[in-house]
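Me: I have a model open on my screen and would like to learn how to read it. Could you walk me through a few features, starting with salt bridges?

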Amino acid sequence: MASHVQQLERDGYVVVRGAVAGEKLDRLREASARVAELARGGGWPHVRTIGKQFPPWEPTAEHGIWGVQHLMHPDLPGSREFTELYFSEEVLGTVKELLACEDEHLVMELFNMLVRPERDFELRWHRDDIPADAAAEEEAARLAEPAWHAQYNLALWEDESLVLVPGSHRRPRTEAERTAGPFDTLADQLVVRLGPGDVAFYDNNIVHRGVYDATKERMTLHGSVGHVGGDSARARNVLQHGLGGWVDRCDLGGLEKAQRAEAMRRRLVRMGSSSGEVGYSLDG
């Protein structure tokens with residue numbers, strides 16, 4: 001069987017089954033349900049709103065939400081449960097394997113949650129940090145660069161929302177992919193099927209989209225971890241989400257790997273202080 005690294009390099013994604021289970025999974029479900037209820041009721045302003053695919057999002061849930069931002073924010077009830085998971089060995093052990101690195105190379109990035117929308121909602125085909133109007137030559141140049149990150153979806157319930165084109169992280173889009181409609185079926189597309197506790201790691205510049213069914217419960221933890229070698233490449237993709245206003249207050253004391261977590265935060269703060277105005281990766 002191909003290793004996780006080989007699968008990620010070949011396909012652009014890899015699924016790790018049963019990364020979280022038992023009481024830990026139960027606690028995360030409980031904390032996530034409370035957060036989702038709070039956000040839907042307008043009690044948490046950092047949400048992804050239906051009708052808007054990319055940041056900046058409006059701080060209102062008037063039209064419903066499909067995501068909750070900033071799970072490690074100190075003002076979010078239950079943030080401790082999410083913070084412990086983000087810096088846990090269940091997650092970072094696989095991250096280090098995929099990035100071929102050690103603790104001293106890891107950078108704290110994003111941790112959000114994707115939830116069941118109030119009505120069916122779809123994201124268009126995209127790469128997270130390469131615009132849709134990029135020429136093939138630009139795509140090829142960008143995709144040849146190291147990824148410098150591990151992005152993941154950790155499902156707390158069954159999840160079949162992530163749709164992607166395996167191998168597309170290594171090549172420019174085909175002509176058919178360029179001219180396809182935003183929600184069209186693409187050749188070789190694949191639905192990533194996750195069970196409770198499974199986690200899918202994927203290159204965020206793979207061609208992918210999301211399909212969200214309002215009739216199915218969804219609480220999927222959506223995170224990313226960076227490599228210190230990619231500060232300049234990752235700055236816009238990470239900082240556009242607005243971590244700077246609270247990351248210095250994130251409570252890392254008492255974590256099992258508190259020293260590792262604090263060092264990861266310091267690297268994020270350093271990246272932010274040296275990056276200036278980063279803007280946004282995509283529009284829409």
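Reply: Happy to! A salt bridge is a side-chain nitrogen of Lys or Arg within 4 Å of a carboxyl oxygen of Asp or Glu. Keep in mind that this is a predicted model. Searching the whole structure turns up 22 salt bridges. One to look at is Arg260 with Glu89, where the closest N and O atoms are 3.0 Å apart. Arg260 belongs to helix 8 (residues 258–275) and Glu89 to helix 4 (residues 89–99), so this pair ties together parts that are 171 residues apart in sequence.

Me: Now the sheets. How many strands are in the open sheet with the order 1-9-6-11-4-3-2, and how do they pair?

Reply: For a sheet, read the order of the strands and then find the edges. This open sheet has seven strands, and the pairing is antiparallel. Its edge strands, each pairing on one side only, are strand 1 (13–16) and strand 2 (47–49). From one strand to the next, the twist averages 20°. At the strand 2 edge, three bridges connect to strand 3 (residues 65–68), the two running antiparallel. Within that pairing, Val47 has Val68 as its bridge partner in strand 3.

Me: And what is the strand order in the open sheet of four strands?

Reply: That order is 5-10-7-8, again read with antiparallel pairing. Strand 5 (121–122) and strand 8 (190–194) are the edges, each pairing on one side only. Strand 5 is joined to strand 10 (residues 208–212) by two bridges, and Glu122 stands opposite Val211 of strand 10.

Me: Which strands does helix 3 lie across?

Reply: Helix 3 lies across strand 4 (106–115), strand 6 (149–155) and strand 11 (219–227), at about 130° to strand 4. You can read helix 1 (residues 4–11) in a similar way: it lies across strand 1 and strand 9 (199–202), running at about 145° to strand 1.

Me: How do helix 2 and helix 3 pack, and at what angle?

Reply: For two helices, look at the angle, the distance between axes and the residues that touch. Helix 2 (residues 22–40) and helix 3 (residues 79–86) pack at about 130°, and their axes are 9 Å apart. That angle makes helix 2 oblique to helix 3, and the crossing is left-handed. Helix 2 contributes Lys24, Arg27, Leu28, Ala31, Ser32 and Val35 to the contact, while helix 3 contributes Glu81, Phe82 and Leu85. Sorted by class, the contact has five nonpolar, one polar and three charged residues.

Technical notes
Residues are numbered from 1 along each chain as its sequence is written. This is a predicted model: local features need pLDDT of at least 70, side-chain atom pairs count only at pLDDT 80 or more; totals for chains, interfaces and linings use all residues. Side-chain values use heavy atoms; hydrogens and water are left out. Axes are lines fitted to C-alpha atoms, for helices over the stretch in contact, and angles run from 0 to 180 degrees between N-to-C directions. Angles under 35 degrees count as roughly parallel, over 145 as roughly antiparallel, 65 to 115 as roughly perpendicular and the rest as oblique. A crossing is left-handed if the near helix is turned anticlockwise from the far one by less than a right angle, and right-handed if clockwise. Contact means heavy atoms within 4.5 Å. Ala, Val, Leu, Ile, Met, Phe, Trp, Tyr, Cys and Pro count as nonpolar, Asp, Glu, Lys and Arg as charged, and the others, Gly among them, as polar. Two strands pair if DSSP finds at least two bridges between them.
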